[in-house]
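Dear colleague,

Please find below the structure that I am handing over to you. My notes on what was found in it follow directly after.

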Amino acid sequence: MGNNPSKVTDQDKAILDLKIQRDKLHQYQRRITILTDKETAIAKEMLSRNDKPRALLALRRKKYQESLLAKTDAQLDQLEQLTRNVEFALIQKDIVFGLAQGTKVLQEIHKEMGGIDHVEKLMGETADAVAYQQEVSEMLGGRISNQDEEEVEDELAALEAEVNGPAVLPNAPNKPLPEAEVTAPEQAVEARQKQPERQAMLA
């Protein structure tokens, strides 16, 4: 079942046979129940006829059928338990198969990665490189002046412009700028400036 779910295996056939036997036992139980009810009816009829011996015989047959029914119940319980055990065992088989496949995939992944030791080595080397870079930065940062730091930043900006190209500025507008509107205070100042000129002309 784990390798090819669409294929009918011997285990599937065994489970099917168990279920068929279970269904047959259920049918047998129904027939026995019908017989016991019939024997009860016969016993009542014989008693109504004052035929006590035949009524007793019917009840004895009923008791025998009930004993068969009890045995059938026990067999049915065992059969259903066996069916459940087989189905659960097949489920466990699929789980074990899935775990085996997952373990195999993990082993292949670890093999491609070079194993746990290789991964730990790479992580250690990466951590060492980061620590070394931080140490160099701190050492240089304590030895250069502010002016040198500004020159370094300017050189970095120049290199960025060289690599990325000059920054593209937006185009200047082609239309002339609108004339500024003269506000009320500006008009009052201009009127006061022109007032002496008017008085001189009138004189």
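**Findings**

K19 has a relative accessibility of 29% and therefore counts as partly exposed, since that class lies between the limits of under 20% for buried and over 50% for exposed. Please note that this is a predicted model, and every value in this message is computed from it.

K19 is also one half of a salt bridge. Its partner is E87, and the closest N and O atoms of the two are 3.2 Å apart. The pair joins distant parts of the chain, as K19 sits in helix α1 (residues 10-48) and E87 in helix α2, with their positions 68 residues apart. E87 has a relative accessibility of 28%, so E87 likewise counts as partly exposed.

**Overall architecture**

The chain contains five helices and zero strands, which gives the pattern α-α-α-α-α when read along the sequence. It has 203 residues, of which 9% count as buried. Among the contacts in the chain with a separation of 6 or more, 73% are made by residues 24 or more positions apart. The accessible surface of the chain is about 17600 Å², and carbon and sulfur atoms account for 57% of that area.

**Other salt bridges**

A search of the whole structure returns six salt bridges. As a general matter, side chains of opposite charge can pair when their charged atoms come close. Besides the pair described above, two further examples may be of interest to you.

- E45 and R49 meet through their side chains in a salt bridge, at 2.6 Å from N to O. E45 has a relative accessibility of 36% and so counts as partly exposed, whereas R49, with a relative accessible area of 54%, is exposed. The two partners therefore fall on either side of the 50% limit.
- D51 and R54 form another salt bridge, in which the closest N and O atoms are 3.8 Å apart.

**A nonpolar patch**

Which residues make the nonpolar surface patch of about 420 Å²? The patch is formed by F88, I91, I95 and L99. Of its members, F88 lies in helix α2, which covers residues 52-112. Helix α2 is also the helix that holds E87, the partner of K19 in the salt bridge to helix α1.

I would be grateful if you could look over these points alongside the structure shown above.

With kind regards

How values were computed:
Residues numbered from 1 in each chain as written. Predicted model: local features only at pLDDT ≥ 70, side-chain atom pairs only at ≥ 80, totals over all residues. Heavy atoms only, no water. Helix = DSSP H or I, 4+ residues; strand = E, 2+ residues; numbered from the N terminus. Buried < 20%, exposed > 50% of the residue type's maximum accessible area, 1.4 Å probe, protein only. Contact = heavy atoms within 4.5 Å. Areas by Shrake-Rupley, 256 points an atom, 1.4 Å probe, with all protein chains shown as cover. Patch = residues over 30% accessible without salt bridge, like charges linked within 9 Å, V, L, I, M, F, W, Y side chains within 5 Å. Salt bridge = Lys/Arg side-chain N within 4 Å of Asp/Glu carboxyl O.
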